[in-house]
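Hi,

Here is the structure I promised to hand over. Have a look at it first, then read on for what turned up.

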Amino acid sequence: MPLWLVTAVRVAFVRVSVAACASAVGWPVEQDGTTPGFLVLGLGKLGYRELDYFSDLDLIFLYDAGDREPASRHASANQLAGLIMQMLTSITREGALYSV
């Protein structure tokens, strides 16, 4: 399978998954599936696009606290990060998706 196709599928999966998690915690989601004010950075092999079967994910979650109600925005960002982590580390019949 071509690398560009694998990358495109991975990007689409992440965008749809993060948008679903964001909707679940009440974080705004744009029509294109982006979550304004929330960003997930991938470091290490993920950042260099060199993932292999045994790779773990090194992630940093960033969010904009905004001007109003920063405590509630912090709680929502925390919930969103937790859902993303839970989704990525879930154990299924096929095994875990990633080690984070």
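Before anything else, a definition: a salt bridge here is a side-chain nitrogen of Lys or Arg within 4 Å of a carboxyl oxygen of Asp or Glu. Keep in mind too that this is a predicted model.

With that in hand, how many salt bridges does a search of the whole structure find? The search comes back with 1. E94 forms a salt bridge with R93, and their closest N and O atoms are 4.0 Å apart. Both residues, E94 and R93, are exposed. As background, side chains of opposite charge can pair when their charged atoms come close. On the charge side more broadly, the chain carries 7 positive and 10 negative side chains. The centres of those two sets lie 5 Å apart.

Now the overall layout. The chain has 3 helices and 4 strands, and starting from the N terminus the order is α-β-α-β-α-β-β. Its C-alpha trace spans about 45 × 25 × 25 Å along the principal axes. There are 100 residues, and 18% of them count as buried. If you take the contacts between residues at least 6 apart in sequence, 43% join residues at least 24 apart. The chain exposes about 7,200 Å², with carbon and sulfur atoms supplying 59% of that area.

Next, the surface. Which residues form a nonpolar patch there? They are L39, L41, L43, I60 and L62, and together they have about 380 Å² of accessible area. Two strands, β1 (38-43) and β2 (58-63), each supply at least two residues of the patch. The largest share, 3 residues, comes from β1. One patch member to click on is L43, which is found in strand β1. L43 is partly exposed, because its relative accessible area is 38% and partly exposed covers the range between 20% and 50%.

Then there are a few single residues that you may want to find on your screen.

Start with T35, in the loop between α1 (3-25) and β1. Is T35 buried or exposed? Its relative accessibility is 11%, so T35 counts as buried, the cut-off being under 20%. Leaving out residues up to four places away in sequence, T35 touches V18, A22, W27, P28 and V29. T35 and H74 are 39 residues apart along the chain, and 15 Å separates their C-alpha atoms.

S76 is another one to look at, and its place is in helix α3 (residues 70-89). S76 is buried as well, with a relative accessible area of 18%. Which residues does S76 touch, not counting those up to four places away in sequence? The answer is V25 and W27. You will recognise W27 from the list for T35, since T35 touches W27 too.

Finally, D64 is found in the loop between β2 and α3. At 47% relative accessibility, D64 counts as partly exposed. Beyond residues up to four places away in sequence, D64 touches G37 and R73. For a sense of distance, D64 and T92 are 28 residues apart in sequence, and from C-alpha to C-alpha they are 33 Å apart in space.

That's what I have for now. Shout if anything is unclear.

Cheers

How values were computed
Residues are numbered from 1 along each chain as its sequence is written. This is a predicted model: local features need pLDDT of at least 70, side-chain atom pairs count only at pLDDT 80 or more; totals for chains, interfaces and linings use all residues. Side-chain values use heavy atoms; hydrogens and water are left out. Buried means under 20% relative accessible area, exposed over 50%, partly exposed in between (1.4 Å probe, protein chains only). Contact means heavy atoms within 4.5 Å. Accessible areas come from the Shrake-Rupley method with a 1.4 Å probe; for residues, only the protein chains shown count as cover. Lys and Arg count as positive and Asp and Glu as negative; His and the chain ends are not counted. The place of a charge is taken as NZ of Lys, CZ of Arg, CG of Asp or CD of Glu. Patches are made of residues with over 30% relative accessible area and no salt bridge: like charges are joined within 9 Å, nonpolar side chains (Val, Leu, Ile, Met, Phe, Trp, Tyr) within 5 Å.
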